[in-house]
Amino acid sequence: MSGTWKTSNLGTSELDRLRAEMEAEQAGTPEAPKPGAQPATGKPVTAKPRGKRPAGGPQGKGGRPRTGARVAAVQALYQSEQTGESAEAVIQQFLSHRIGGGYEEGGVPEADRPLFGTIVRTAAKNGDRLDGIIANHLDADWPMMRLDPVLRALLRAACAEFAEGGGQPPARVVINEYLDIAHGFFGGEEPRFANGVLDALARSLRPEEFAAGRK
């Protein structure tokens, strides 16, 4: 394993094309607020999924609270980075005001609150270490800070689960959950980009789950 994007199942030429397309899209996107900056509206900076909910997100009477927890974790990590608020302050905002709201308002209808808190706290507490792990699976010309900030938050949340989850839930479940969320936030090539990194992270941090012959 080379520790770059080329560890994914996508061909090198296709990866180059995806990077070029994402770079072109980002070139036309206004610069995101820098950490420490407050939103002009005075409201929390919100990462809103496309439509009413992320693909595979909570739905129906029973919902999917663990998926909701991961959606909320991505939103919280994004907000913390963009506003400079502490992870704990953002967690409390979500627990008090955002969990139970609609996706279109930047909330999450239903979420496993303990899981949400665990993901965000783990990602914040181990931020430098987790960012280093993620960076090892990116090409040198595509570093963390060039990624879309929501994509960056998603990878941080997933990496926190891979690194601290104790093998549960299985890595493939975590990958599928975050891919569903990526499809909810992005309509372009970002989910495929995320797929390569998530797979590489899982194989690096949970190698026993990908041992030869294991299903």
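# A tour from helix 4 outward

Select helix 4 and show its surroundings: the cover over its buried residues includes helix 2, helix 3 (87–98), helix 5, helix 6 (149–164) and helix 7 (171–185). The model on screen is a predicted one.

**Helix 4**

Colour the buried residues of helix 4, which are Leu115, Phe116, Gly117, Ile119, Val120, Thr122 and Ala123. The helix is 13 residues long, and its first and last C-alpha atoms are 18 Å apart, close to the 18 Å expected at 1.5 Å a residue. Now go to the N-terminal end and show the side chain of aspartate 112. This residue caps helix 4, with a side-chain oxygen 3.1 Å from the backbone nitrogen of leucine 115.

**The whole chain**

Zoom out and switch to a cartoon. The protein has eight helices and zero strands, giving the pattern α-α-α-α-α-α-α-α along the sequence. Of the 215 residues in the protein, 49% are buried. If you draw the contacts between residues at least 6 apart in sequence, 74% of them join residues at least 24 apart.

**The second largest pocket**

Which residues line the second largest pocket? Select Leu77, Ser80, Glu81, Ala87, Ala123, Ala124, Gly127, Asp128, Asp131 and Arg156 to see the lining. Helix 2 (65–83), helix 4 (113–125) and helix 5 (127–135) are the elements that each give two or more residues to it. The space in this pocket comes to about 180 Å³. Colour the lining by class and you will find four nonpolar, two polar and four charged residues. Ala123 belongs to this lining and is also one of the buried residues of helix 4.

**Helix 2 and helix 6**

Next, centre on glutamine 75, which is in helix 2. Is glutamine 75 buried or exposed? Its relative accessibility is 0%, so it counts as buried. Draw a distance from its C-alpha to that of phenylalanine 94: the two residues are 19 apart along the chain, and the atoms are separated by 9.4 Å.

Move to alanine 153 in helix 6. Alanine 153 is at 2% relative accessibility and therefore counts as buried. Leaving out neighbours within four places in sequence, show what alanine 153 is in contact with: Val74, Leu77 and Tyr78. Leu77 is also one of the residues lining the second largest pocket. A C-alpha to C-alpha distance from alanine 153 to alanine 76 reads 8.4 Å, although the pair is 77 residues apart in sequence.

**The loop between helix 3 and helix 4**

For a site in a loop, select glycine 100, between helix 3 and helix 4. Why is glycine 100 classed as exposed? Because its relative accessibility is 55%, and exposed means over 50%. Not counting residues up to four places away in sequence, glycine 100 touches Val108 and Pro109. Glutamate 110 is 10 residues from glycine 100 in sequence, with 5.5 Å between the two C-alpha atoms.

**Helix 7 and helix 8**

Return to the helices and select helix 7. Its buried residues are Ala171, Val174, Ile175, Glu177, Tyr178, Leu179, Ile181, Ala182, Gly184 and Phe185. These buried residues pack against helix 2, helix 4, helix 6 and helix 8. Helix 7 has 15 residues, and its end-to-end C-alpha distance is 21 Å, close to the 21 Å expected at 1.5 Å a residue.

Then select helix 8. It contains 16 residues and reaches 22 Å from first C-alpha to last, close to the 22 Å expected at 1.5 Å a residue. Buried here are Glu190, Pro191, Phe193, Ala194, Gly196, Val197, Leu198, Asp199, Ala200, Leu201 and Ala202.

**Glutamate 209**

The last stop is glutamate 209, in the segment after helix 8 (190–205). Its relative accessible area is 7%, so glutamate 209 is buried. What does the side chain of glutamate 209 reach at 2.8 Å? The partner is the backbone nitrogen of alanine 171, a residue listed among the buried ones of helix 7. Show arginine 206 as well: its side chain makes a polar contact with the side chain of glutamate 209, at 2.8 Å.

Terms used: Residues are numbered from 1 along each chain as its sequence is written. This is a predicted model: local features need pLDDT of at least 70, side-chain atom pairs count only at pLDDT 80 or more; totals for chains, interfaces and linings use all residues. Side-chain values use heavy atoms; hydrogens and water are left out. On a 1 Å grid over the protein atoms alone, a cavity is a set of points where a 1.4 Å probe fits but cannot get out, and a pocket is an open set with protein on both sides within 12 Å along at least five of seven lines; lining residues have an atom within 4 Å of a point. Grid points are joined across faces, edges and corners, and a volume is the space filled by probe spheres set on the points. Helices (H or I, at least four residues) and strands (E, at least two) are DSSP runs, numbered from the N terminus. Ala, Val, Leu, Ile, Met, Phe, Trp, Tyr, Cys and Pro count as nonpolar, Asp, Glu, Lys and Arg as charged, and the others, Gly among them, as polar. The expected span of a helix is 1.5 Å times one less than its number of residues. Buried means under 20% relative accessible area, exposed over 50%, partly exposed in between (1.4 Å probe, protein chains only). Contact means heavy atoms within 4.5 Å. A polar contact is a pair of N or O atoms within 3.5 Å; within protein, one must be able to donate a hydrogen and the other to accept it, and residues adjacent in sequence count only if both atoms are side-chain atoms.
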